[in-house]
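Hi everyone, thanks for coming. I'd like to walk you through one complex today, chain by chain, and then stop at a few spots that I enjoyed looking at. Here it is on the screen.

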Amino acid sequence: MFERFTQSARGAVMAAREEADRRGDGWIGTEHVVLALAEDDAVSEAVLLDAGVTAEVLRAAMVPGAPGARGDLDADALRTIGIDLQDVRRAVERTFGEGALDELPVPPARRRSRHIPFTTGAKKALELAVRQAATLSGGSIGSEHLLLGVLDEGGAGAHLLTSVGVDPQQLRATTVDKARRSA
Amino acid sequence: MASASDLLTSAASENPDDGLRAVVALRQLLERLEHLHVQRAREQGWSWQDIARALGVSRQAVHQKHGSSIRLSGRR
């Protein structure tokens, strides 16, 4: 499926995977794709920037949706089963030093070849990106098509964008425009 | 303010969402504790076999899980 992806679109898919890995999420969803697109690709990044979206803004919007997925342990959830994270933290730090419990067991960069599957929504978004590329730009799939795929799929990634104040219709229109012009 | 036992009975039973979230949190805590202790054991010269026995898993399992991260963090 990826053979018609441009370098930048491939880069975005790889970056989405890394984002998922870094967050400790067990899936690659359209939200990770959006984050990757905002982060490191020229075409989609420019479109997103115009819409006021940066990777930082997206990250800030994502945190509450994924309790404990990042570096922070989920103190509230642990409390519900009678574990006081503060107590645990104090005990562990007595032996291992301050901040010991904040250390991730296996730093993401060293974790090779962990398989993280795409969500159904992300697969759908990739398919839609392929379709958009065929319609708008003669078939080769760029990051702008990925963005369109995510928007058209209408799942987690699209919701994330809406949650940071993006008008999906508007963003879609500017992205289509960009895709046509760069075709 | 609910007492600890209220929280326990409410959250340990009914709602899968809360229950599963607690499981995830506990697993993350467990993983970190395990890593810290395995690392320390290695620093104190324990063999992978000793650590595996203490953890009740196979030597392969413990080495596969911790081998690369602990070796790379400076100590053999």
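Let's start with chain A: of its 183 residues, 43% count as buried. Please keep in mind throughout that this is a predicted model. For the complex, the predictor reports an ipTM of 0.71 and a pTM of 0.58.

Chain A is built from 10 helices and zero strands, so to speak in the pattern α-α-α-α-α-α-α-α-α-α from one end of the sequence to the other. If you take the contacts in chain A with a separation of 6 or more, 65% of them are between residues 24 or more positions apart.

Now chain B. Here we have four helices and zero strands, running α-α-α-α from the N terminus on. Chain B has 76 residues, and buried ones make up 29% of them. Among its contacts with a separation of 6 or more, 37% come from residues 24 or more positions apart.

A word on confidence in chain B. The average pLDDT is 79, and 74% of the residues score at least 70. Where is confidence lowest in chain B, and where is it highest? The low end is helix α1, residues 4-13, with a mean of 53, and the high end is helix α3, residues 48-55, at 95.

Back to chain A, and to helix α4, residues 55-62. Its buried residues are A:A55, A:L58, A:R59 and A:M62. These residues sit on the same side of α4(A), because they cover an arc of only 100° around the axis. As a reminder, an α-helix has 3.6 residues a turn, so residues three or four places apart point the same way. What do we find on the face of α4(A) turned away from the buried side? That face carries the exposed residues A:E56 and A:A60. And the cover over the buried residues of α4(A) includes α1 (7-23), α2 (30-40) and α9 (156-163) of chain A.

One of those covering helices, α2(A), brings us to a helix pair. Two packed helices are described by the angle between their axes and the distance between the axes. For α2(A) and helix α8 of chain A, residues 143-153, the axes come within 10 Å and cross at roughly 145°. The crossing of α2(A) past α8(A) is left-handed. From α2(A), the contact is made by A:T30, A:V33, A:V34 and A:L37, and from α8(A) by A:S143, A:L146, A:L147, A:V150 and A:E153. Sorted by class, that gives six nonpolar, two polar and one charged residues.

Just ahead of α8, have a look at the loop between α7 (120-137) and α8 of chain A, where A:I141 lies. Is A:I141 buried or exposed? A:I141 counts as buried because its relative accessible area is 1%, under the 20% cut-off. A:I141 and A:F5 are 136 residues apart along the chain, yet their C-alpha atoms are separated by 4.6 Å. Setting aside neighbours within four places in sequence, A:I141 is in contact with A:R4, A:F5, A:T6, A:A9, A:A129, A:V130 and A:A133.

My last stop is A:T174, in helix α10 of chain A, residues 168-182. A:T174 is partly exposed, with a relative accessible area of 36%. Between A:T174 and A:A51 there are 9.3 Å in space, C-alpha to C-alpha, and the two are 123 residues apart in sequence.

That's my tour, and I'm happy to take questions.

Technical notes
Residues are numbered from 1 along each chain as its sequence is written. Chains are lettered from A and ligands numbered from 1 in the order in which they are written. This is a predicted model: local features need pLDDT of at least 70, side-chain atom pairs count only at pLDDT 80 or more; totals for chains, interfaces and linings use all residues. Side-chain values use heavy atoms; hydrogens and water are left out. pLDDT is the predictor's confidence in each residue, from 0 to 100. Helices (H or I, at least four residues) and strands (E, at least two) are DSSP runs, numbered from the N terminus. Buried means under 20% relative accessible area, exposed over 50%, partly exposed in between (1.4 Å probe, protein chains only). The arc is that of the directions from the helix axis to the C-beta atoms. Contact means heavy atoms within 4.5 Å. Axes are lines fitted to C-alpha atoms, for helices over the stretch in contact, and angles run from 0 to 180 degrees between N-to-C directions. A crossing is left-handed if the near helix is turned anticlockwise from the far one by less than a right angle, and right-handed if clockwise. Ala, Val, Leu, Ile, Met, Phe, Trp, Tyr, Cys and Pro count as nonpolar, Asp, Glu, Lys and Arg as charged, and the others, Gly among them, as polar.
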